[in-house]
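Hi,

Here is the model I promised to pass on. Have a look at it first, and my notes follow underneath.

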Amino acid sequence: MDTLTVGTQRLIHLDLKGAPPKLTFFEKFFPFVKDLGATGLLIEWEDTFPFLQELIHLGGLSNSAQTSGAPYTVEEAKQLLELAADCGLTVIPLIQTFGHLEYVLKHVQWRHLREVEPYPSSMCPSHSETMPLIRSMIKQMIAFHSNIQYIHIGADEVWHLGLCATCSKRLLTAKHGKVSIYLDHITEIAQHIKENFPHLKIIVWDDMLRNIDAHILQEYYIGSLVEPMVWHYNNLETFHLGAPVWDKYGAIFPNIWVASAFKGATSSCQVIPIHKHHVSNHEAWLSDLSLHASKITNFRGIALTGWSRFDHYATLCELLPCSIPTLCLCLKTWFSGSSTAEIYSSVNKMLGYMDNPLQADVTHRPLFHYPSPLNFPGWQIIVGFEWFVNVRLKYRNIIDSDQMNTWFNQWQVLNNYTNPMQIESILPTLTELHTEISSLENFLKTHLQVYFYPHTIEELLGTLILPIKEHLRQLKCECEAQMTLGCRIRGHKRLNI
Ligand SMILES: [Zn+2]
(Lines give C-alpha, C1' and ligand atoms only; values in the text may rest on other atoms or scores of the structure.)
Protein backbone atom coordinates (compact mmCIF):
# COMPACT_ATOMS: atom_id res chain seq x y z
CA MET A 1 0.00 0.00 0.00
CA ASP A 2 2.91 2.35 0.58
CA THR A 3 3.32 2.94 -3.13
CA LEU A 4 -0.31 4.06 -3.30
CA THR A 5 -0.45 6.18 -0.19
CA VAL A 6 3.01 7.66 0.21
CA GLY A 7 4.48 8.07 -3.26
CA THR A 8 1.46 9.81 -4.76
CA GLN A 9 -0.52 13.04 -4.52
CA ARG A 10 -2.60 13.92 -1.48
CA LEU A 11 -4.75 16.88 -2.44
CA ILE A 12 -6.89 18.82 -0.02
CA HIS A 13 -10.08 19.97 -1.72
CA LEU A 14 -11.11 23.56 -1.04
CA ASP A 15 -14.80 23.95 -1.81
CA LEU A 16 -15.00 27.72 -1.87
CA LYS A 17 -18.64 27.94 -2.93
CA GLY A 18 -19.53 27.92 0.76
CA ALA A 19 -17.82 29.76 3.61
CA PRO A 20 -14.66 30.71 1.71
CA PRO A 21 -12.05 31.58 4.34
CA LYS A 22 -10.06 34.79 4.43
CA LEU A 23 -6.36 34.72 3.66
CA THR A 24 -5.67 35.00 7.40
CA PHE A 25 -6.92 31.43 7.64
CA PHE A 26 -4.98 30.10 4.67
CA GLU A 27 -1.77 31.65 6.01
CA LYS A 28 -2.02 29.16 8.85
CA PHE A 29 -3.90 26.33 7.15
CA PHE A 30 -1.55 25.76 4.21
CA PRO A 31 1.62 25.21 6.30
CA PHE A 32 -0.48 23.09 8.67
CA VAL A 33 -1.69 20.70 5.95
CA LYS A 34 1.73 20.64 4.33
CA ASP A 35 3.17 19.43 7.64
CA LEU A 36 0.42 16.83 7.81
CA GLY A 37 1.57 15.39 4.49
CA ALA A 38 -0.66 17.09 1.94
CA THR A 39 1.01 17.62 -1.43
CA GLY A 40 -1.46 19.98 -3.05
CA LEU A 41 -4.83 21.69 -3.25
CA LEU A 42 -7.81 20.99 -5.48
CA ILE A 43 -9.38 24.45 -5.58
CA GLU A 44 -13.04 24.74 -6.53
CA TRP A 45 -13.44 28.50 -6.76
CA GLU A 46 -16.96 28.58 -8.16
CA ASP A 47 -18.50 32.00 -7.53
CA THR A 48 -15.52 33.26 -5.52
CA PHE A 49 -13.22 33.36 -8.54
CA PRO A 50 -12.52 36.91 -9.74
CA PHE A 51 -13.88 36.44 -13.23
CA LEU A 52 -13.31 39.46 -15.46
CA GLN A 53 -14.82 41.16 -18.49
CA GLU A 54 -17.94 39.46 -19.87
CA LEU A 55 -17.89 36.96 -16.99
CA ILE A 56 -17.58 39.50 -14.20
CA HIS A 57 -21.10 38.80 -12.87
CA LEU A 58 -20.16 35.20 -12.06
CA GLY A 59 -17.58 35.81 -9.40
CA GLY A 60 -16.07 37.77 -6.58
CA LEU A 61 -15.88 41.01 -8.53
CA SER A 62 -19.61 41.12 -9.22
CA ASN A 63 -21.67 43.85 -7.61
CA SER A 64 -23.64 41.35 -5.53
CA ALA A 65 -20.45 39.80 -4.14
CA GLN A 66 -18.96 43.16 -3.34
CA THR A 67 -22.09 44.51 -1.65
CA SER A 68 -22.50 41.41 0.51
CA GLY A 69 -18.85 41.35 1.54
CA ALA A 70 -17.95 38.21 -0.41
CA PRO A 71 -14.53 37.22 -1.78
CA TYR A 72 -12.24 37.24 -3.76
CA THR A 73 -10.63 40.25 -5.38
CA VAL A 74 -7.93 39.62 -7.97
CA GLU A 75 -5.29 40.51 -5.36
CA GLU A 76 -6.77 38.17 -2.74
CA ALA A 77 -7.02 35.27 -5.18
CA LYS A 78 -3.46 35.81 -6.36
CA GLN A 79 -2.26 35.98 -2.78
CA LEU A 80 -4.06 32.72 -2.02
CA LEU A 81 -2.13 31.02 -4.82
CA GLU A 82 1.12 32.59 -3.64
CA LEU A 83 0.54 31.28 -0.13
CA ALA A 84 0.02 27.79 -1.56
CA ALA A 85 3.16 28.08 -3.69
CA ASP A 86 5.19 29.31 -0.70
CA CYS A 87 4.27 26.08 1.09
CA GLY A 88 5.17 23.96 -1.93
CA LEU A 89 1.57 22.89 -2.45
CA THR A 90 0.58 21.97 -6.01
CA VAL A 91 -2.62 23.66 -7.17
CA ILE A 92 -5.24 22.06 -9.40
CA PRO A 93 -8.17 24.35 -10.26
CA LEU A 94 -11.58 22.73 -10.58
CA ILE A 95 -14.15 24.34 -12.84
CA GLN A 96 -17.53 22.79 -13.54
CA THR A 97 -18.41 22.53 -17.24
CA PHE A 98 -21.71 20.64 -17.47
CA GLY A 99 -23.71 20.10 -14.26
CA HIS A 100 -23.51 22.01 -10.95
CA LEU A 101 -23.56 25.26 -12.89
CA GLU A 102 -26.13 27.03 -10.72
CA TYR A 103 -23.74 29.90 -10.15
CA VAL A 104 -23.81 30.59 -13.90
CA LEU A 105 -27.32 29.58 -14.88
CA LYS A 106 -29.03 31.51 -12.06
CA HIS A 107 -28.13 34.78 -13.83
CA VAL A 108 -30.62 36.28 -16.27
CA GLN A 109 -28.05 36.60 -19.05
CA TRP A 110 -27.29 32.84 -19.03
CA ARG A 111 -30.68 31.48 -18.04
CA HIS A 112 -31.48 30.49 -21.61
CA LEU A 113 -28.61 27.98 -21.50
CA ARG A 114 -30.39 25.77 -18.95
CA GLU A 115 -31.20 22.26 -20.10
CA VAL A 116 -34.46 22.41 -18.14
CA GLU A 117 -35.78 25.95 -17.91
CA PRO A 118 -36.87 25.98 -14.25
CA TYR A 119 -33.72 24.25 -12.97
CA PRO A 120 -30.33 25.97 -12.94
CA SER A 121 -28.08 22.93 -12.43
CA SER A 122 -27.31 21.51 -15.90
CA MET A 123 -26.29 23.39 -19.00
CA CYS A 124 -27.61 22.55 -22.45
CA PRO A 125 -24.68 21.15 -24.46
CA SER A 126 -26.45 21.76 -27.76
CA HIS A 127 -26.95 25.51 -27.48
CA SER A 128 -24.67 27.51 -29.76
CA GLU A 129 -23.66 29.83 -26.88
CA THR A 130 -22.67 27.04 -24.49
CA MET A 131 -19.20 26.18 -25.75
CA PRO A 132 -18.11 29.82 -26.20
CA LEU A 133 -19.10 30.45 -22.56
CA ILE A 134 -17.31 27.32 -21.28
CA ARG A 135 -14.21 28.18 -23.34
CA SER A 136 -14.18 31.67 -21.91
CA MET A 137 -14.50 30.40 -18.32
CA ILE A 138 -11.73 27.86 -18.85
CA LYS A 139 -9.48 30.44 -20.50
CA GLN A 140 -9.76 32.87 -17.57
CA MET A 141 -9.28 30.09 -15.03
CA ILE A 142 -6.14 28.75 -16.72
CA ALA A 143 -4.68 32.21 -17.32
CA PHE A 144 -4.97 32.99 -13.61
CA HIS A 145 -3.06 29.89 -12.50
CA SER A 146 0.55 29.88 -13.56
CA ASN A 147 2.58 26.68 -13.54
CA ILE A 148 -0.35 24.29 -13.30
CA GLN A 149 -0.12 20.81 -14.75
CA TYR A 150 -3.73 19.76 -14.34
CA ILE A 151 -7.21 21.17 -14.66
CA HIS A 152 -10.30 19.44 -13.24
CA ILE A 153 -13.40 20.00 -15.38
CA GLY A 154 -15.94 18.54 -12.91
CA ALA A 155 -18.73 17.06 -15.08
CA ASP A 156 -20.32 15.05 -12.26
CA GLU A 157 -23.99 14.66 -11.44
CA VAL A 158 -25.40 16.03 -14.69
CA TRP A 159 -28.99 15.53 -13.59
CA HIS A 160 -30.63 16.76 -16.77
CA LEU A 161 -29.57 15.35 -20.11
CA GLY A 162 -31.38 15.19 -23.43
CA LEU A 163 -34.43 17.07 -22.17
CA CYS A 164 -34.60 20.40 -24.01
CA ALA A 165 -36.15 20.58 -27.48
CA THR A 166 -32.78 20.56 -29.29
CA CYS A 167 -31.25 17.79 -27.18
CA SER A 168 -34.44 15.70 -27.47
CA LYS A 169 -34.09 15.94 -31.23
CA ARG A 170 -30.44 14.93 -31.02
CA LEU A 171 -31.45 11.90 -28.98
CA LEU A 172 -33.42 10.53 -31.92
CA THR A 173 -30.22 9.97 -33.87
CA ALA A 174 -27.59 9.77 -31.11
CA LYS A 175 -25.85 6.39 -31.34
CA HIS A 176 -25.77 5.85 -27.59
CA GLY A 177 -28.62 8.11 -26.50
CA LYS A 178 -27.90 10.32 -23.49
CA VAL A 179 -24.46 8.75 -23.11
CA SER A 180 -23.52 10.17 -26.51
CA ILE A 181 -24.74 13.62 -25.50
CA TYR A 182 -22.65 13.48 -22.32
CA LEU A 183 -19.50 12.14 -23.97
CA ASP A 184 -19.76 14.48 -26.98
CA HIS A 185 -19.72 17.46 -24.61
CA ILE A 186 -16.91 16.21 -22.37
CA THR A 187 -14.68 15.20 -25.26
CA GLU A 188 -15.26 18.53 -27.02
CA ILE A 189 -14.11 20.38 -23.91
CA ALA A 190 -11.15 18.06 -23.42
CA GLN A 191 -10.07 18.43 -27.05
CA HIS A 192 -10.35 22.19 -26.79
CA ILE A 193 -8.09 22.22 -23.72
CA LYS A 194 -5.60 19.84 -25.32
CA GLU A 195 -5.37 21.97 -28.45
CA ASN A 196 -5.03 25.29 -26.67
CA PHE A 197 -3.21 24.28 -23.50
CA PRO A 198 -1.28 21.16 -24.50
CA HIS A 199 0.74 21.13 -21.28
CA LEU A 200 -2.38 20.44 -19.19
CA LYS A 201 -3.73 17.08 -18.12
CA ILE A 202 -7.50 16.95 -17.63
CA ILE A 203 -9.32 15.39 -14.69
CA VAL A 204 -13.06 14.59 -14.50
CA TRP A 205 -15.27 13.20 -11.76
CA ASP A 206 -16.00 9.60 -12.67
CA ASP A 207 -19.62 9.06 -11.63
CA MET A 208 -21.14 9.69 -15.05
CA LEU A 209 -18.64 7.28 -16.62
CA ARG A 210 -19.20 4.53 -14.06
CA ASN A 211 -22.15 2.92 -15.82
CA ILE A 212 -21.05 3.49 -19.41
CA ASP A 213 -19.96 0.36 -21.28
CA ALA A 214 -16.23 0.04 -21.88
CA HIS A 215 -16.61 -0.22 -25.65
CA ILE A 216 -18.42 3.13 -25.77
CA LEU A 217 -15.71 4.80 -23.69
CA GLN A 218 -13.12 3.35 -26.05
CA GLU A 219 -15.04 4.59 -29.06
CA TYR A 220 -14.59 8.12 -27.69
CA TYR A 221 -10.87 7.60 -26.87
CA ILE A 222 -11.77 8.92 -23.45
CA GLY A 223 -8.69 7.31 -21.87
CA SER A 224 -6.37 9.52 -23.91
CA LEU A 225 -8.33 12.67 -23.14
CA VAL A 226 -9.10 12.67 -19.40
CA GLU A 227 -8.06 11.12 -16.10
CA PRO A 228 -10.97 10.00 -13.93
CA MET A 229 -11.20 10.98 -10.28
CA VAL A 230 -13.16 8.10 -8.77
CA TRP A 231 -15.15 9.40 -5.83
CA HIS A 232 -16.81 7.53 -3.01
CA TYR A 233 -17.65 9.03 0.36
CA ASN A 234 -19.37 6.14 2.14
CA ASN A 235 -18.08 4.26 5.17
CA LEU A 236 -16.77 0.71 5.24
CA GLU A 237 -20.20 -0.83 5.69
CA THR A 238 -21.76 0.85 2.67
CA PHE A 239 -18.76 1.43 0.38
CA HIS A 240 -19.17 -0.36 -2.92
CA LEU A 241 -17.49 0.23 -6.24
CA GLY A 242 -17.10 -3.36 -7.34
CA ALA A 243 -14.56 -5.26 -9.41
CA PRO A 244 -16.18 -4.53 -12.82
CA VAL A 245 -15.62 -0.78 -12.35
CA TRP A 246 -11.92 -1.32 -11.66
CA ASP A 247 -11.62 -3.81 -14.53
CA LYS A 248 -13.10 -1.23 -16.89
CA TYR A 249 -11.20 1.78 -15.61
CA GLY A 250 -7.94 -0.18 -15.49
CA ALA A 251 -8.35 -1.18 -19.12
CA ILE A 252 -9.29 2.29 -20.35
CA PHE A 253 -7.45 4.84 -18.25
CA PRO A 254 -3.65 4.83 -17.88
CA ASN A 255 -3.93 7.32 -14.99
CA ILE A 256 -6.46 7.21 -12.17
CA TRP A 257 -7.23 9.42 -9.17
CA VAL A 258 -9.53 8.71 -6.25
CA ALA A 259 -11.46 11.05 -3.95
CA SER A 260 -12.50 10.51 -0.36
CA ALA A 261 -14.25 12.98 1.97
CA PHE A 262 -13.28 14.53 5.27
CA LYS A 263 -16.35 16.77 5.54
CA GLY A 264 -19.60 17.61 3.80
CA ALA A 265 -20.58 14.08 2.89
CA THR A 266 -22.92 12.93 5.67
CA SER A 267 -25.90 15.13 6.52
CA SER A 268 -26.40 18.06 4.13
CA CYS A 269 -26.67 20.36 7.15
CA GLN A 270 -24.05 18.74 9.40
CA VAL A 271 -22.25 21.25 11.66
CA ILE A 272 -19.39 19.18 13.10
CA PRO A 273 -18.02 16.30 11.01
CA ILE A 274 -18.62 12.75 12.21
CA HIS A 275 -15.04 11.54 12.65
CA LYS A 276 -16.02 7.91 12.64
CA HIS A 277 -17.70 8.11 9.26
CA HIS A 278 -14.87 9.91 7.49
CA VAL A 279 -12.12 7.76 8.97
CA SER A 280 -14.12 4.71 7.93
CA ASN A 281 -14.39 6.15 4.39
CA HIS A 282 -10.59 6.26 4.21
CA GLU A 283 -10.33 2.73 5.55
CA ALA A 284 -12.80 1.67 2.86
CA TRP A 285 -10.64 3.27 0.18
CA LEU A 286 -7.52 1.56 1.51
CA SER A 287 -9.32 -1.75 1.50
CA ASP A 288 -10.78 -1.33 -1.99
CA LEU A 289 -7.50 -0.18 -3.48
CA SER A 290 -5.57 -3.03 -1.89
CA LEU A 291 -7.98 -5.41 -3.64
CA HIS A 292 -7.77 -3.77 -7.05
CA ALA A 293 -4.39 -1.98 -7.13
CA SER A 294 -3.01 -4.44 -9.66
CA LYS A 295 -5.56 -3.23 -12.20
CA ILE A 296 -4.37 0.39 -11.98
CA THR A 297 -1.49 1.27 -14.30
CA ASN A 298 -0.62 4.60 -12.70
CA PHE A 299 -2.23 5.74 -9.48
CA ARG A 300 -2.03 9.54 -9.35
CA GLY A 301 -3.21 9.93 -5.78
CA ILE A 302 -6.13 10.95 -3.63
CA ALA A 303 -8.14 14.15 -3.22
CA LEU A 304 -9.58 14.47 0.27
CA THR A 305 -12.73 16.37 -0.51
CA GLY A 306 -14.24 18.79 1.97
CA TRP A 307 -17.64 19.95 0.77
CA SER A 308 -19.01 23.24 2.04
CA ARG A 309 -22.49 22.89 0.55
CA PHE A 310 -24.17 19.99 -1.19
CA ASP A 311 -24.90 22.36 -4.05
CA HIS A 312 -24.97 26.08 -4.76
CA TYR A 313 -28.42 26.54 -3.21
CA ALA A 314 -27.89 24.22 -0.24
CA THR A 315 -27.25 25.57 3.22
CA LEU A 316 -23.73 25.51 4.60
CA CYS A 317 -22.44 22.31 6.13
CA GLU A 318 -19.24 21.85 8.17
CA LEU A 319 -16.82 24.80 8.10
CA LEU A 320 -13.18 24.16 7.31
CA PRO A 321 -11.89 25.05 10.83
CA CYS A 322 -14.50 22.69 12.33
CA SER A 323 -13.13 19.89 10.17
CA ILE A 324 -9.43 20.06 10.92
CA PRO A 325 -9.45 17.29 13.55
CA THR A 326 -11.27 15.01 11.09
CA LEU A 327 -8.87 15.93 8.30
CA CYS A 328 -5.93 15.03 10.54
CA LEU A 329 -7.46 11.67 11.44
CA CYS A 330 -8.22 10.91 7.78
CA LEU A 331 -4.77 11.81 6.48
CA LYS A 332 -3.04 9.83 9.21
CA THR A 333 -5.30 6.85 8.52
CA TRP A 334 -4.42 7.10 4.83
CA PHE A 335 -0.71 7.11 5.63
CA SER A 336 -0.79 4.32 8.18
CA GLY A 337 -2.98 2.00 6.12
CA SER A 338 -5.64 1.63 8.83
CA SER A 339 -7.28 3.46 11.71
CA THR A 340 -5.69 2.76 15.08
CA ALA A 341 -5.98 3.98 18.66
CA GLU A 342 -2.48 5.43 18.25
CA ILE A 343 -3.71 7.69 15.46
CA TYR A 344 -6.46 9.12 17.67
CA SER A 345 -3.97 9.51 20.49
CA SER A 346 -1.39 11.31 18.35
CA VAL A 347 -4.02 13.62 16.79
CA ASN A 348 -5.45 14.45 20.21
CA LYS A 349 -1.96 15.31 21.39
CA MET A 350 -1.04 17.28 18.27
CA LEU A 351 -4.21 19.38 18.38
CA GLY A 352 -4.20 19.95 22.14
CA TYR A 353 -7.22 17.78 22.93
CA MET A 354 -5.52 15.87 25.73
CA ASP A 355 -8.06 16.70 28.45
CA ASN A 356 -11.14 16.18 26.29
CA PRO A 357 -10.26 13.73 23.53
CA LEU A 358 -12.07 13.77 20.21
CA GLN A 359 -15.33 11.86 20.32
CA ALA A 360 -17.83 10.77 17.74
CA ASP A 361 -20.64 12.80 19.34
CA VAL A 362 -19.83 16.39 20.27
CA THR A 363 -22.81 16.66 22.59
CA HIS A 364 -20.87 14.49 25.02
CA ARG A 365 -18.08 17.02 25.30
CA PRO A 366 -18.18 19.23 28.40
CA LEU A 367 -18.35 22.83 27.29
CA PHE A 368 -15.46 25.21 27.60
CA HIS A 369 -13.34 22.75 29.47
CA TYR A 370 -10.32 23.79 27.49
CA PRO A 371 -7.74 24.74 30.12
CA SER A 372 -5.28 25.66 27.41
CA PRO A 373 -5.80 26.75 23.82
CA LEU A 374 -6.10 24.09 21.20
CA ASN A 375 -3.41 23.89 18.62
CA PHE A 376 -4.77 24.40 15.12
CA PRO A 377 -5.95 27.31 12.98
CA GLY A 378 -9.44 28.51 13.85
CA TRP A 379 -9.86 26.23 16.88
CA GLN A 380 -12.12 28.81 18.56
CA ILE A 381 -14.62 28.26 15.76
CA ILE A 382 -14.99 24.54 16.43
CA VAL A 383 -15.39 25.34 20.12
CA GLY A 384 -18.16 27.79 19.16
CA PHE A 385 -19.95 25.29 16.94
CA GLU A 386 -19.68 22.49 19.49
CA TRP A 387 -21.29 24.95 21.89
CA PHE A 388 -23.98 25.61 19.27
CA VAL A 389 -24.70 21.89 18.85
CA ASN A 390 -25.21 21.64 22.61
CA VAL A 391 -27.40 24.76 22.78
CA ARG A 392 -29.52 23.53 19.88
CA LEU A 393 -29.99 20.20 21.63
CA LYS A 394 -31.09 21.97 24.82
CA TYR A 395 -33.48 24.15 22.78
CA ARG A 396 -35.01 21.17 20.99
CA ASN A 397 -35.40 19.28 24.26
CA ILE A 398 -37.26 22.23 25.80
CA ILE A 399 -39.48 22.81 22.76
CA ASP A 400 -40.32 19.12 22.55
CA SER A 401 -40.65 18.65 26.29
CA ASP A 402 -43.77 17.20 27.86
CA GLN A 403 -44.08 20.33 29.97
CA MET A 404 -44.25 22.65 26.94
CA ASN A 405 -46.55 20.33 25.02
CA THR A 406 -48.82 19.81 28.01
CA TRP A 407 -49.02 23.29 29.57
CA PHE A 408 -47.74 25.81 27.02
CA ASN A 409 -48.67 24.68 23.52
CA GLN A 410 -49.72 27.11 20.82
CA TRP A 411 -53.43 26.38 21.15
CA GLN A 412 -53.24 27.11 24.87
CA VAL A 413 -51.34 30.35 24.30
CA LEU A 414 -53.77 31.50 21.58
CA ASN A 415 -56.73 30.83 23.86
CA ASN A 416 -55.08 32.25 26.98
CA TYR A 417 -55.71 28.95 28.68
CA THR A 418 -52.51 28.60 30.69
CA ASN A 419 -51.57 27.93 34.28
CA PRO A 420 -49.02 30.31 35.92
CA MET A 421 -47.83 27.52 38.18
CA GLN A 422 -46.32 25.82 35.09
CA ILE A 423 -45.15 29.06 33.45
CA GLU A 424 -43.17 29.95 36.57
CA SER A 425 -40.85 27.04 35.88
CA ILE A 426 -40.89 27.35 32.06
CA LEU A 427 -39.93 31.04 31.95
CA PRO A 428 -36.56 30.81 33.79
CA THR A 429 -35.48 27.94 31.55
CA LEU A 430 -36.31 29.92 28.41
CA THR A 431 -34.64 33.06 29.80
CA GLU A 432 -31.47 31.17 30.67
CA LEU A 433 -31.25 29.63 27.22
CA HIS A 434 -31.97 32.97 25.53
CA THR A 435 -29.10 34.51 27.48
CA GLU A 436 -26.83 31.60 26.55
CA ILE A 437 -27.57 31.79 22.84
CA SER A 438 -26.95 35.56 22.92
CA SER A 439 -23.52 34.88 24.47
CA LEU A 440 -22.88 32.23 21.84
CA GLU A 441 -23.84 34.69 19.09
CA ASN A 442 -21.28 37.19 20.38
CA PHE A 443 -18.62 34.49 20.75
CA LEU A 444 -19.14 33.26 17.18
CA LYS A 445 -19.23 36.79 15.74
CA THR A 446 -15.93 37.61 17.43
CA HIS A 447 -14.12 34.53 16.19
CA LEU A 448 -15.75 34.08 12.80
CA GLN A 449 -14.79 37.57 11.67
CA VAL A 450 -11.12 36.71 12.04
CA TYR A 451 -11.34 34.07 9.34
CA PHE A 452 -14.54 34.62 7.37
CA TYR A 453 -16.14 37.31 5.23
CA PRO A 454 -19.31 39.20 6.28
CA HIS A 455 -21.59 37.31 3.87
CA THR A 456 -20.68 33.97 5.45
CA ILE A 457 -21.14 35.23 9.00
CA GLU A 458 -24.52 36.73 8.11
CA GLU A 459 -25.62 33.42 6.56
CA LEU A 460 -24.38 31.29 9.48
CA LEU A 461 -25.99 33.41 12.16
CA GLY A 462 -29.17 33.90 10.13
CA THR A 463 -29.51 30.16 9.57
CA LEU A 464 -28.42 28.66 12.85
CA ILE A 465 -28.54 31.19 15.67
CA LEU A 466 -31.12 33.90 14.96
CA PRO A 467 -34.17 31.64 14.38
CA ILE A 468 -33.62 29.95 17.77
CA LYS A 469 -32.91 33.26 19.49
CA GLU A 470 -36.03 34.85 18.01
CA HIS A 471 -38.21 31.87 18.91
CA LEU A 472 -36.96 31.95 22.50
CA ARG A 473 -37.61 35.70 22.68
CA GLN A 474 -41.13 35.20 21.39
CA LEU A 475 -41.82 32.38 23.87
CA LYS A 476 -40.47 34.52 26.72
CA CYS A 477 -42.84 37.36 25.73
CA GLU A 478 -45.75 34.92 25.60
CA CYS A 479 -44.84 33.55 29.03
CA GLU A 480 -44.69 37.05 30.51
CA ALA A 481 -48.01 38.02 28.92
CA GLN A 482 -49.70 34.86 30.14
CA MET A 483 -48.32 35.47 33.63
CA THR A 484 -49.94 38.91 33.74
CA LEU A 485 -53.23 37.43 32.57
CA GLY A 486 -53.43 34.86 35.34
CA CYS A 487 -55.41 31.69 35.15
CA ARG A 488 -58.60 32.25 33.11
CA ILE A 489 -61.52 30.34 31.67
CA ARG A 490 -61.10 28.66 28.30
CA GLY A 491 -61.59 31.15 25.46
CA HIS A 492 -60.72 34.27 27.46
CA LYS A 493 -60.27 37.15 24.98
CA ARG A 494 -57.02 36.99 23.09
CA LEU A 495 -54.16 39.16 24.27
CA ASN A 496 -52.57 41.74 22.06
CA ILE A 497 -48.97 40.55 22.52
ZN1 LIG B 1 -30.23 20.84 -24.54
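Let me start with the parallel strands. Strand 7 and strand 8 (residues 227-231) run parallel and are joined by three bridges. Strands here, like helices, are DSSP runs numbered from the N terminus, with at least two residues (E) for a strand and at least four (H or I) for a helix. Two strands pair if DSSP finds at least two bridges between them. If you want a residue to click on, Ile203 has Glu227 as its bridge partner in strand 8.

Two housekeeping points before the rest. This is a predicted model, where local features need pLDDT of at least 70 and side-chain atom pairs count only at pLDDT 80 or more, while totals for chains, interfaces and linings use all residues. Residues are numbered from 1 along each chain as its sequence is written.

Back to the strands. On the other side of the story, strand 6 (residues 150-152) is joined to strand 7 (residues 201-205) by three bridges, and these two run parallel. Tyr150 has Lys201 as its bridge partner in strand 7. Strand 8 also pairs with strand 9, in the parallel sense and over three bridges, and there Val230 is matched with Val258. Strand 9 (residues 255-263) is largely enclosed by the rest of the structure, because eight of its nine residues are buried. Buried means that 20 or more other C-beta atoms lie within 10 Å of a residue's own; 12 or fewer makes it exposed, anything in between partly exposed, and the C-beta atoms are placed from the backbone.

Now the overall layout. The domain assignment of the chain gives domain 1 (2-355) and domain 2 (379-485); such bounds come from an automatic or database assignment. Their C-alpha centres are 38 Å apart. Domain 1 puts 17 residues into the contact and domain 2 puts in 16, where contact means C-beta atoms, placed from the backbone, within 7 Å. On the domain 1 side, the touching residues are twelve nonpolar, four polar and one charged. For that split, Ala, Val, Leu, Ile, Met, Phe, Trp, Tyr, Cys and Pro count as nonpolar, Asp, Glu, Lys and Arg as charged, and the others, Gly among them, as polar.

UniProt, in an unreviewed entry, lists residues 54-215 as "domain: Glycoside hydrolase family 20 catalytic". Its positions are given in the numbering used here, feature names are shortened, and annotations may be inferred rather than shown by experiment. In the model that span is 41% helix and 13% strand, with its end C-alpha atoms 40 Å apart.

What sits between the domains? The largest nonpolar core has 131 residues, and Met229 and Leu304 touch the most other members. Helix 15 (residues 379-399) gives the most to this core, with nine residues. Both domain 1 (2-355) and domain 2 (379-485) give residues to the core, so it lies between them. A nonpolar core here is a set of buried Ala, Val, Leu, Ile, Met, Phe, Trp, Tyr and Cys residues joined through C-beta atoms within 7 Å.

Leu304 is worth a closer look. Not counting residues up to four places away in sequence, Leu304 touches Leu11, Ile12, His13, Ser260, Phe262, Leu327, Cys330 and Leu331. Of those, Cys330 belongs to helix 13 (residues 324-336) and counts as buried because it has 31 C-beta neighbours inside 10 Å. With the same sequence exclusion, the contacts of Cys330 include Ser260, Phe262 and His278. Cys330 and Ser260 are 70 residues apart along the chain, yet their C-alpha atoms are separated by 9.2 Å.

Finally, some backbone oddities. Most residues other than glycine have a negative phi, and most peptide bonds are trans. Pro71 and Tyr72, however, are joined by a cis peptide bond with omega about -10°, and Tyr72 lies in the loop between helix 3 (63-67) and helix 4 (74-86). His100 has a positive phi, near 50°; it is found in the loop between strand 3 (90-94) and helix 5 (102-105) and counts as buried, with 25 C-beta neighbours inside 10 Å. Glu157 also has a positive phi, near 45°, in the loop between strand 6 and helix 7 (165-173), but it counts as partly exposed, with 15 C-beta neighbours inside 10 Å.

Cheers

How values were computed. Contact = placed C-beta atoms within 7 Å.
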